Amino acid sequence: MGRSSSKPKKPPSRVTEQDKAVLQLKQQRDKLKQYQKKILVQIEKDRQVAKQLLHDGKKSKAKLMLRKKRFQESLIEKTDGQLENIEQLVHDLEFAQIEAKVFEGLKAGNESLKKLHQLMSIEDVEKLMDETQESIEYQREIDDLLAGGLTEDDEEDVLAELDELTKQDIALPDVPTDELPEVQKEKRKAQKEERQAEAIPAS
C-alpha cells in the first residue's frame, strides 16, 4: 500500500489587500519616474536637433522639432500630476493601515478592561474596602490593649479575676531537690579516689 503524502499547509499570509495595493502603487510610481527620465533625455535631444537645424538654415524643420519637444514637456507635466496622485494614495493607504492597527489596539484594550471590570465590580471593591477598614480598626483595638489602654471596666474585670485565682489557691508542684544521677556518679568517683589516695603510705 502506498502512503498518501500530504504537503504541509502553508501558514496564512500576513500580506493584506491594502499591502498589495500599496505595493502596486509604488511600482507604478517607479515606472512613471523611469518614463519621465526617458522623456527628459528625449527633450534634450530634440532641443539639440532643433538648434542644429536652425544652424543649417532649416527653420521649418527646427520649428517642427520644437513642437515635438513641447509635446514631450506636456507629458512631463501630466506624469507629475499622476505621480502626485499616486504619492497621495500611498500616503492615505499607509495612514489608514496605521489607524486600523491603532483601532485594533484600542479594541483589545477595551475588551481587557471589560474583563477586569467583570472580575472586580464596584460592589466587590466597596466590600473589600469595608473589610479592610474593619481589620484596621480591630488591629488598632488590639494595639491599644497591648499598650495599656484599658478602660476602667477592663481594669475592674482584671482585678476580679485576680482575686478569684487567689482564692482558689492553686498548688504548684515542688521543685525537685534530688541531685541528678550524673552528679551523684561524679561525687562517688571523687570520694573513691580520695580514699585510695589516703590509703597509699607516704614514701
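These legends accompany a set of close-up views of a predicted model.

**View 1. The whole chain is built from helices.**
Welcome to the overview of this predicted structure. The secondary structure of the protein consists of 5 helices and 0 strands, and reading from the N terminus gives the order α-α-α-α-α. Of the 203 residues, 10% are buried. The accessible surface adds up to about 19,000 Å², and carbon and sulfur atoms account for 56% of that area. If you take the contacts between residues at least 6 apart in sequence, 75% of them join residues at least 24 apart.

**View 2. Confidence varies from helix to helix.**
Before looking at side chains, it helps to see how confident the predictor is. The mean pLDDT of the protein is 80, and 81% of the residues reach at least 70. Helix 1 (residues 17–55) has the highest confidence, with a mean of 89. Helix 5 (residues 181–199) has the lowest, with a mean of 74.

**View 3. Glu-17 and Lys-20 pair up within helix 1.**
A search of the whole structure finds 7 salt bridges, and here is one of them: the side chains of Glu-17 and Lys-20 meet at 3.9 Å, N to O. The two residues are separated by about one helical turn, because they sit 3 residues apart in helix 1. Glu-17 is exposed, with a relative accessible area of 57%. Lys-20 counts as partly exposed, at 42% relative accessibility.

**View 4. A salt bridge joins Lys-68 to Asp-46.**
In this view the side chains of Lys-68 and Asp-46 form a salt bridge, again with an N to O distance of 3.9 Å. This pair links distant parts of the chain: Lys-68 belongs to helix 2 and Asp-46 to helix 1, and they are 22 residues apart. How buried or exposed are the two partners, Lys-68 and Asp-46? Lys-68 is partly exposed, with a relative accessible area of 38%. Asp-46 has a relative accessible area of 2%, so it is buried.

**View 5. Lys-69 sits in helix 2 and touches residues elsewhere in the chain.**
Lys-69 is part of helix 2. At 16% relative accessibility, Lys-69 falls under the 20% cut-off and therefore counts as buried. Which residues does Lys-69 contact, leaving aside its neighbours within four places in sequence? They are Ile-43, Asp-46 and Arg-47. Asp-46 is also the salt-bridge partner of Lys-68. The side chain of Lys-69 makes a polar contact with the side chain of Glu-73 as well, at 2.6 Å.

**View 6. Glu-73 also meets Arg-70.**
Stay with Glu-73 for a moment: its side chain forms a salt bridge with that of Arg-70, at 3.5 Å, N to O. Glu-73 and Arg-70 are 3 residues apart in helix 2, which means that about one helical turn separates them. Both partners are partly exposed: Glu-73 has a relative accessibility of 24%, and Arg-70 has 45%. Elsewhere, salt bridges that share partners join Arg-29, Asp-30 and Glu-87 into one network.

**View 7. Arg-29 of helix 1 is buried and in contact with residues far along the chain.**
Arg-29, a member of the network just mentioned, is found in helix 1. Is Arg-29 buried or exposed? Its relative accessible area is 17%, so Arg-29 is buried. Setting aside neighbours within four places in sequence, Arg-29 is in contact with Leu-83, Ile-86 and Glu-87. For a sense of the backbone here, the C-alpha atoms of Arg-29 and Asn-85 are separated by 9.6 Å, while the two residues are 56 residues apart along the chain.

**View 8. Six residues make a nonpolar patch on the surface.**
Our last stop is on the outside of the protein. Leu-113, Leu-116, Leu-119, Met-120, Val-125 and Met-129 form a nonpolar patch with about 620 Å² of accessible area together. Where do these residues come from? Helix 2 (59–119) and helix 3 (122–146) each supply at least two residues of the patch, and helix 2 gives the most, with 3 residues. Leu-113 lies in helix 2. This leucine is partly exposed, at a relative accessible area of 45%.

Technical notes
Residues numbered from 1 in each chain as written. Heavy atoms only, no water. Patch = residues over 30% accessible without salt bridge, like charges linked within 9 Å, V, L, I, M, F, W, Y side chains within 5 Å. Areas by Shrake-Rupley, 256 points an atom, 1.4 Å probe, with all protein chains shown as cover. Salt bridge = Lys/Arg side-chain N within 4 Å of Asp/Glu carboxyl O. Helix = DSSP H or I, 4+ residues; strand = E, 2+ residues; numbered from the N terminus. Buried < 20%, exposed > 50% of the residue type's maximum accessible area, 1.4 Å probe, protein only. Polar contact = N/O pair within 3.5 Å; in protein donor to acceptor, adjacent residues only side chain to side chain. Contact = heavy atoms within 4.5 Å. pLDDT = per-residue confidence, 0-100.
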